[in-house]
Amino acid sequence: MARLYIFAIGGTGSRVLKSLTMLLASGVKPNSDKNFEIVPIIIDPHKSNEDLKRTERLLGNYQTISNEAGLDNGFFSTKITTLDRLTTSQNRLSGSFTFNLQEVGGRKFSEYIGLSQLDKPNKALADILFSGKSINKRHEEVNLLDVEMDIGFVGNPNIGSIVLNQVKDSQEFKDFASNFNEDDRVFIISSIFGGTGAAGFPTILKNIRDAMNNRNIDGKGFLQDAKIGAVTVLPYFNIEKDSDSPIQKSDFIAKTKAALYYYKDNVTGNNSINSLYYIADNYSGKPYKNDPGDNGQKNDAHFVEMASALAIIDFLETPDSDLETSEGKALKPIYKEFGIRKDSSNIKFSDLEDYTERKIAMRLSQLVLFRKYLTEHLSNAIEKEAWSNDSPEINKKFIDDTFYRTNLSEFLSSFADWLKEMSDNKRGFSPFNLDSTIEALIEGRSVKSGWFSSKVDFSSMDNKLSKEGKGKTYSSASQKLIKLFYDTTEEILTSKFGLKN
Amino acid sequence: MEEFFASLYEWFGLNPLYSTDMGDHLRGWMCIDQSGYFGTNWYIMIGWSMIAITAFFYALQYHIIDDSRFNKKHHWWVMALIIIVLNFLLAFLIPFNTVQSGDFCSELNLTVADCIGFGLSNAVWSFVLFLLITSFKYPRHLGTNTRFTTFWKP
């Protein structure tokens, strides 16, 4: 199976990766003959970033669920794995999705570059390159050179580009390179208006394309001509005004312009990238808390992050012939943007373009219905309904096991949080009425009714589940739960709500 | 079949819930011109009716309604109660009407208590039959939502 290595850089990288995980869990797949295994590599110096921690936990749960239930069940059907699982080397990494940036924790940038050991001319050059002010963890104003990097690069890509250059010499990069095959692809997620993402994207890209010059790694040829896609997220959210913070909304556009100008020569201008997706939103909505990183940086999920995750699906749908590369140069570089049908402040499925709606409406609705049933009705149905009593049984012991109680429940709880956060955000994405009856679950979709059609409630779901499961063979209770609900929710949403694949 | 049903209702002679006169009447005892079992054999009539009623209500619950809203053990007991009541009424009312109208052999001494006893016998056997049909895996498992419904679960 070919692999897609995803470098998720910075807070936005983690959040887009989280959205991708939700989409993959719901069964969204690329329309392609090729199946890809996803290998996420999160790059963020800010280890206490809440968005990063939430994404890591989510990926861990996803991995456990798909390992236990298998990959042919609709939900959770794309394999996600950690880099360490691919390698048999003695320097095996821990089973984490996060890239371990060395010598960042608790150190000032000046210590990282060894400023005190530099001779006078180099020290003067460093002073020029890294002039200006920022803040430290204690909210005190400090010189840029004195920034402590364990809360990230605080919107300073000039620092980030130096620190992230260590990636090319890391064990992770060696493992990535030695496992990279001709059919594999790379995707880089970053934002352009902050520090980590803006610096990380061109740095990672350059390190991959310059693989031939890296003596530390194997698989150089494949890497140099790798099929590389990227989404660069332009400003898309509003942020509280705080004159003490180094993060200012007014700087977003200036930083974006500066980075785009750099990309013009070093990313797009030199055809380094095969497929580049731009996404932005100038809607001035609910401002985020102005947190440079010292309070954990936990931002609500946003529609733009989900749309960015769709770029990855689109990239996987792009045929190999459109992603040809020679000597590190894309032969037919592709540039794409994302749009919606209606400029709505609260996006519903009908506001999306047809392709996007077809891609996500059915699958997300299925997972929403699955979660709704499990959280609101499963305890009434367990050991009572025929589908639950059929072998392998979904019984009380099963729901007390870690798979259900921890992995699945926690994942679905995060899924609900993700939907609620997107719904509460402005611009919002609120295609579901999560607390309503099943019939009112999807905004703008009414249930088809007629003389002989029954209403859709939990009892009718039980009927459908028992009918669907009758006579079927499942390898385990966990596989049965996932597969049975995927098939049944698809049937209900098709026949009763008129949703299409 | 006559003897089969008679044995059932008379509890194989062990402890019938009604008198032997009622047993004779149900076998069709007549004494107008001559004595003998020439009349209607109520054991066969009521026996088959009991089977038909029980089978119908079994099919109604397990194959016609066959719904998750009606598949718990208390639903089984509701259905069992309906079957018991109907079969009791059937077996009680037929001899009771005969007793009330006096349209039976004058040599026989039939009482309302006999009618109740026969009604109870029929009710008990209908319950046993329903219990048996729904205890075996088949034909119960030909249903969809009720295929695990028995008197003790779910």
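This report walks through a predicted model, looking at chain B, its cysteines and a histidine, and then at a sheet and a helix in chain A.

## The model and its scores

Welcome to the structure. What you see is a predicted model, and its scores are ipTM 0.89 and pTM 0.91. For chain B, the mean pLDDT is 94, with 100% of the residues reaching 70 or more.

## Chain B in outline

A good place to start is the make-up of chain B, which has six helices and two strands. Reading from the N terminus, the elements follow the order α-α-β-β-α-α-α-α. Along the principal axes, the C-alpha atoms of chain B fill a box of roughly 60 × 25 × 25 Å.

Of the 154 residues in chain B, 45% are buried. If you take the contacts in chain B with a separation of 6 or more, 71% of them come from residues 24 or more positions apart.

## The cysteines of chain B

How many disulfides does the structure hold over all chains? There is one, and B:Cys31 and B:Cys105 form it, with their sulfur atoms 1.8 Å apart. This pair links distant parts of the chain: B:Cys31 belongs to strand β1 (residues 29–31) of chain B, while B:Cys105 lies in the loop between α4 (73–101) and α5 (112–135), 74 residues apart. Both B:Cys31 and B:Cys105 are buried. The disulfide is right-handed, because the torsion about the S-S bond of B:Cys31 and B:Cys105 is about 120 degrees.

B:Cys115 is another cysteine to look at. Why is the sulfur of B:Cys115 too far from the closest cysteine sulfur for a bond? That closest sulfur, in B:Cys105, is 16 Å away, whereas a disulfide needs the two sulfur atoms within 2.5 Å. B:Cys115 is buried, with a relative accessible area of 0%.

## A histidine in helix α4

Helix α4 of chain B is also the place to find B:His75. Is B:His75 buried or exposed? With a relative accessibility of 12%, B:His75 counts as buried, since the cut-off for buried is under 20%. Leaving aside neighbours within four places in sequence, the contacts of B:His75 are B:Gln61, B:Arg69 and B:Phe70.

## A sheet in chain A

Now turn to chain A, where six strands make an open sheet with parallel pairing, in the order β2-β1-β5-β6-β7-β10. The edges are taken by β2 (36–43) and β10 (334–337) of chain A; each has a single partner strand, so one side of each is left without a neighbour in the sheet. From one strand to the next, the twist averages 15 degrees.

For a closer look at one edge, find strand β7 (residues 275–279) of chain A, which runs parallel to β10(A) and is joined to β10(A) by four bridges. Here A:Leu276 stands opposite A:Tyr335 in β10(A).

## A mostly covered helix in chain A

The last stop is helix α16 (residues 458–469) of chain A, with 12 residues. From its first C-alpha to its last, α16(A) reaches 16 Å, close to the 16 Å expected at 1.5 Å a residue.

How many of the 12 residues of α16(A) are buried? Nine are, and the helix is mostly covered. Among the buried residues of α16(A) are A:Phe458, A:Met461, A:Leu465 and A:Gly469. The elements that cover the buried residues of α16(A) include α11 (354–376), α12 (378–381), α13 (386–389) and α17 (477–495) of chain A.

Conventions
Residues numbered from 1 in each chain as written. Chains lettered and ligands numbered in written order. Predicted model: local features only at pLDDT ≥ 70, side-chain atom pairs only at ≥ 80, totals over all residues. Heavy atoms only, no water. Buried < 20%, exposed > 50% of the residue type's maximum accessible area, 1.4 Å probe, protein only. Pairing = 2+ DSSP bridges. Axes fitted to C-alpha atoms, helices over the stretch in contact; angles between N-to-C directions. Contact = heavy atoms within 4.5 Å. pLDDT = per-residue confidence, 0-100. Expected span 1.5 Å × (residues − 1).
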